[in-house]
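Work through the exercises below with the sequence and the structure at hand. Each task is followed by a solution in steps.

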Amino acid sequence: TMLPDLGVCPSLAKGGTPRCAPESSRRRIPVSAWLAGVGLLIAFLSTLGCSARAPGLSMAEGDTLVSVDYEIFGKVQGVFFRKYTQAEGKKLGLVGWVQNSDRGTVQGQLQGPISKVHRMQEWLETKGSPKSHIDRANFSNEKVILKLDYSEFQIVK
């Protein structure tokens, strides 16, 4: 069933009766019950960490696929950083790659659902491998993608 949009239904906002209910739904739902339902839906979406837009109009924002490049500075070579990065990426269900650079940094690319990519970025910035010491993490070229470019998370030699 389609719910009326609060933006075009000023009578709802003032507590009146909905005069703009869609033609297709002639069954009257009490406004209080309708608002309670919307409140529950928004509360449910909030607990998932999604942004609650108009209910049911778009998929949860956390499902949007993104790609982001990264470079990690500090003591990140010779401390199994790539191995731990690959393991963490796989655990989160991400794809991409990681490699040592000739400047002593670790760099690569992450792809997957935006919520998981952001979790991985936090891991790269703050945790890394047990013996690493991260000075800073640079992230660049973050963009929405329609499909993943990789089938797994690879260590590039």
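**Exercise 1: an aromatic pair**

Phe81 is buried, as is Trp123, where buried means under 20% relative accessible area, exposed over 50% and partly exposed in between, with a 1.4 Å probe and protein chains only. The model is predicted: local features need pLDDT of at least 70, side-chain atom pairs count only at pLDDT 80 or more, and totals for chains, interfaces and linings use all residues. Residues are numbered from 1 along each chain as its sequence is written, and side-chain values use heavy atoms, with hydrogens and water left out.

Task: describe the geometry of the pair that Phe81 and Trp123 form, and state which helices hold the two residues.

Solution. Step 1: rings of Phe, Tyr and Trp (its six-membered ring) pair if their centres lie within 6.5 Å; planes under 30 degrees apart count as stacked, over 60 as edge-to-face and the rest as tilted. Step 2: the centres of Phe81 and Trp123 are 6.3 Å apart and the planes stand at 50°, so the pair is tilted. Step 3: Phe81 belongs to helix H3 and Trp123 to helix H4, so the pair ties together parts 42 residues apart in sequence. Helices (H or I, at least four residues) and strands (E, at least two) are DSSP runs, numbered from the N terminus.

**Exercise 2: the core**

Task: find which element gives the largest share of the largest nonpolar core.

Solution. Step 1: such a core is a set of buried Ala, Val, Leu, Ile, Met, Phe, Trp, Tyr and Cys residues joined through side-chain atoms within 4.5 Å. Step 2: the largest one has 20 residues, and Ile72 and Phe81 are among those with the most contacts inside it. Step 3: two or more residues each come from strand S1 (65-75), strand S3 (106-113), helix H4 (114-126) and strand S4 (133-144). Step 4: H4 gives the largest share, 5 residues.

**Exercise 3: the sheet**

Task: give the order of the strands in the sheet and state which stand at the edges.

Solution. Step 1: two strands pair if DSSP finds at least two bridges between them. Step 2: 5 strands form an open sheet with mixed pairing, in the order S4-S1-S3-S2-S5. Step 3: S4 and strand S5 (153-156) are the edge strands; each has a single partner strand, so one side of each is left without a neighbour in the sheet. Step 4: strand S2 (residues 95-100) pairs with S3 in the antiparallel sense over 6 bridges, and Trp97 stands opposite Gln109 in S3.
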